[in-house]
There are 2 protein chains.
Amino acid sequence: MLTRRSFFKQTGLGVAATVTPALLAGAAANFAFTGNANAAGNGAATGGAGSGSGALVPAQIVGAKGVADSFRLGAAGYTFVHFKLEKTLEMLRRVDVHYLCIKDFHLPLNSAPEQIEAFHARCAAAGVTGYAVGPIYVDSEKKLRANFEYAKRVGVKLLVGVPCEIGPNKKRRASAKLVKLAGKLVADYDIRYAIHNHGPDMPELFPNAESGIELIGDADPRLGLCLDIGHELRDGRDPVAAVLKYAPRIHDIHIKNVTAASKAGRGIELPRGKIDFPAFVRALRKVGYTGVCSLEYEKDMKDPLLGIAESIGYFRGVMDATR
Amino acid sequence: MLTRRSFFKQTGLGVAATVTPALLAGAAANFAFTGNANAAGNGAATGGAGSGSGALVPAQIVGAKGVADSFRLGAAGYTFVHFKLEKTLEMLRRVDVHYLCIKDFHLPLNSAPEQIEAFHARCAAAGVTGYAVGPIYVDSEKKLRANFEYAKRVGVKLLVGVPCEIGPNKKRRASAKLVKLAGKLVADYDIRYAIHNHGPDMPELFPNAESGIELIGDADPRLGLCLDIGHELRDGRDPVAAVLKYAPRIHDIHIKNVTAASKAGRGIELPRGKIDFPAFVRALRKVGYTGVCSLEYEKDMKDPLLGIAESIGYFRGVMDATR
């Protein structure tokens with residue numbers, strides 16, 4: 001049996017000390033019984049990322065050749081905005097996905113420790129690890145500090161957020177002051193903070209990766225981006241170029257596809273949109289990305305499972321064929 | 001508007017003269033409005049396989065780089081054994097698949113011309129082309145001739161079948177006599193005949209591709225195989241090697257994945273089984289396969305759509321990343 005410490009180390013997910021060992025042992029055991037037949041067949045032979053006996057390689061990141069990837073496939077909580085946690089976990093189970101970026105509608109910001117423990121227990125029973133929280137919009141220093149406290153209580157080492165303030169035009173805009181504070185809090189808490197880009201809909205509120213990088217400047221490396229590749233393209237930018245250019249600052253990625261490289265672009269199944277996923281995944285491999293690629297599926301959001309399945313399948317196909 | 005002749009030429013599907021031009025014009029028009037955004041965006045620039053103005057490239061075979069493949073992604077009718085045609089077509093629409101190998105439970109062998117015309121009309125309305133018929137088990141010369149007549153009436157140029165007879169042990173076995181006759185009928189009708197392999201469950205009835213090739217010998221090149229890659233692996237053979245070795249005889253392919261390379265292997269979603277799809281698709285590209293890869297999904301057959309979506313997405317991902 002894996003110890004909790006080795007589980008963290010081998011998965012690289014850095015779930016922190018709030019979570020009980022029993023819960024995580026449960027999650028670890030689930031990994032051994034879920035996932036694809038290749039993983040089951042080849043895991044012992046390859047040893048995976050952890051190497052040696054008892055190495056834990058989540059099933060879905062071991063491809064046809066039994067080679068483990070440096071990055072993982074997951075799901076962004078927002079995909080399930082219309083569904084409670086149990087239904088969300090059931091959908092993740094059906095598409096064999098094991099990582100979830102936790103949204104506050106599944107685990108409120110003011111959750112008590114026992115609520116958090118129960119949340120993790122439910123995820124563990126489904127073989128799912130909540131690897132991060134967010135995105136959380138935040139418009140004051142007090143709230144930003146509270147976000148870090150929340151991430152700490154939840155036991156994750158990654159917080160996705162949108163630090164904002166109200167501009168003279170009454171619209172939300174990026175807050176340089178909060179970004180600067182986040183650069184300090186990442187060190188105080190040893191929790192990474194990833195600014196999420198939102199495309200041309202909110203042109204003053206991190207429309208693209210570059211706008212985040214500009215405010216981040218030379219801050220602590222734990223301050224970085226959650227690169228939303230769909231919004232990046234909708235803002236007329238190249239997501240592949242963003243991966244290559246900003247790699248050391250990319251702490252999380254939302255994968256999706258869109259119908260057009262403009263504000264008019266809308267969410268669509270991964271195989272059917274404008275983003276060149278083979279080039280994108282090759283870029284992830286080139287820079288050695290070690291985070292999660294979380295599907296944020298925003299089409300048919302009240303009946304998303306079919307599109308999620310097609311999209312997850314597609315991404316896995318691209319992963320397998322580029323390994 | 002494309003003429004019927006140019007539609008056939010450009011799609012390479014060779015639907016024959018029984019089908020009315022109006023129906024096929026409808027199918028052609030559907031292709032222009034379905035499928036992925038890449039295809040819509042890049043079709044004009046690339047010109048596709050047909051080149052020049054008005055070239056018709058079915059959406060799903062144009063990848064992220066706007067390059068058309070020599071082969072197509074489709075579905076084997078057996079996948080929908082528990083569903084009537086309308087529900088089948090609805091499922092194909094939802095996963096953006098446009099080619100169907102027709103099973104007799106959707107279009108009976110004794111269908112009258114008006115039934116066949118109505119069948120094609122319903123398919124065309126869904127943007128689907130029935131590109132072949134079968135697999136059809138056949139155990140007499142009379143029935144084999146009737147199969148060719150059926151294919152002719154349906155208007156397809158490809159017939160998938162299993163020519164068999166009853167052996168001394170009362171079990172069905174491959175019929176050398178019917179294979180020989182098929183080798184003549186392919187010339188008489190100019191309709192290709194593809195022998196379907198069925199794995200270790202029926203060890204005397206084409207358990208693998210090689211057993212088909214042996215009986216085919218040096219027959220007319222229109223006599224060949226429908227390579228079922230799942231059954232091939234379940235019989236302990238390498239589907240990739242089969243593609244490379246028997247390419248000129250492979251007229252159709254059933255894609256699927258299985259949990260084990262043995263008789264115990266069962267159907268599973270494409271990303272989760274034992275077959276190395278990147279290697280398989282690279283082999284198809286190497287030999288220049290020009291047929292259809294039809295998903296025959298045999299898991300959860302009474303509720304298959306989710307697994308179909310994941311599988312179709314996966315195959316598209318592998319196609320896009322190996323182009």
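# Chatting through a predicted two-chain model

Reader: Let's start with Asn147(A) in this predicted model. Leaving aside its neighbours within four places in sequence, which residues is Asn147(A) in contact with?

Author: Once the neighbours within four places in sequence are set aside, four residues of chain A are left in contact with Asn147(A). They are Leu109(A), Ile136(A), Val138(A) and Leu159(A).

Reader: Does Asn147(A) count as buried or exposed?

Author: Asn147(A) sits in helix α6 of chain A, which covers residues 141-154. Its relative accessibility is 4%, and the cut-off for burial is under 20%. So Asn147(A) counts as buried.

Reader: What hand does the crossover from β3(A) through α6(A) to β4(A) have?

Author: Strand β3 (residues 129-138) of chain A and β4(A) run parallel, joined by four bridges. One of the pairings puts Tyr137(A) with its bridge partner Val162(A) in β4(A). The chain gets from β3(A) to β4(A) by way of α6(A), and this β-α-β crossover is right-handed.

Reader: How many of the nine residues in strand β4 of chain A are buried?

Author: Strand β4 of chain A takes in residues 158-166. This strand is mostly covered, and the buried count out of nine is seven.

Reader: In which sense do β4(A) and strand β6 of chain A pair?

Author: Strand β6 of chain A spans residues 192-196, and four bridges tie it to β4(A). Leu158(A) stands opposite Arg192(A) in β6(A). The sense of the β4(A) and β6(A) pairing is parallel.

Reader: And which residue takes a positive phi in the hairpin of β4(A) and β5(A)?

Author: Strand β5 (residues 172-174) of chain A pairs with β4(A) in the antiparallel sense over three bridges. Ile166(A) has Arg172(A) as its bridge partner in β5(A). Five residues lie between the strands of this hairpin, and the one with a phi near 70 degrees is Lys170(A).

Reader: Where does Pro135(A) lie, the one joined to Gly134(A) by a cis peptide bond?

Author: The cis bond from Gly134(A) to Pro135(A) has an omega of about 0 degrees. In chain B, the peptide bond from Gly134(B) to Pro135(B) is cis too, with omega near -5 degrees, and Pro135(B) is placed in strand β3 of that chain. As for Pro135(A), its place is strand β3 of chain A.

Reader: Is Asp96(B) buried or exposed?

Author: Asp96(B) has a positive phi near 65 degrees, though the residue isn't a glycine. It lies in the loop between α4 (85-94) and β2 (99-102) of chain B. With a relative accessible area of 4%, Asp96(B) is buried.

Reader: What about Asp190(A): what is its relative accessible area?

Author: Asp190(A) is another non-glycine residue with a positive phi, near 50 degrees. Its loop runs between α7 (176-189) and β6 of chain A. Asp190(A) is partly exposed, at 37%.

Reader: What kind of axis relates chain A to chain B?

Author: A turn of 180 degrees, with a shift of 0.0 Å along the axis, lays chain A on chain B with an RMSD of 0.0 Å. That is the relation of a two-fold axis. The same surface serves both copies, as 100% of the contact residues of chain A recur in chain B. The answer, then, is a two-fold axis.

Reader: Which residues touch the most other members of the largest nonpolar core?

Author: That core holds 159 residues. One of the top six is Phe315(B), whose contacts beyond four places in sequence include Ile255(B) and Phe280(B). The full set is Ile255(A), Phe280(A), Phe315(A), Ile255(B), Phe280(B) and Phe315(B).

Technical notes: Residues are numbered from 1 along each chain as its sequence is written. Chains are lettered from A and ligands numbered from 1 in the order in which they are written. This is a predicted model: local features need pLDDT of at least 70, side-chain atom pairs count only at pLDDT 80 or more; totals for chains, interfaces and linings use all residues. Side-chain values use heavy atoms; hydrogens and water are left out. Helices (H or I, at least four residues) and strands (E, at least two) are DSSP runs, numbered from the N terminus. Buried means under 20% relative accessible area, exposed over 50%, partly exposed in between (1.4 Å probe, protein chains only). Contact means heavy atoms within 4.5 Å. Copies are superposed by least squares on the C-alpha atoms of residues with pLDDT of at least 70 in both. A nonpolar core is a set of buried Ala, Val, Leu, Ile, Met, Phe, Trp, Tyr and Cys residues joined through side-chain atoms within 4.5 Å. Two strands pair if DSSP finds at least two bridges between them. A crossover is right-handed if, with the strands pointing away from the viewer, the path from the first strand over the helix to the second runs clockwise.
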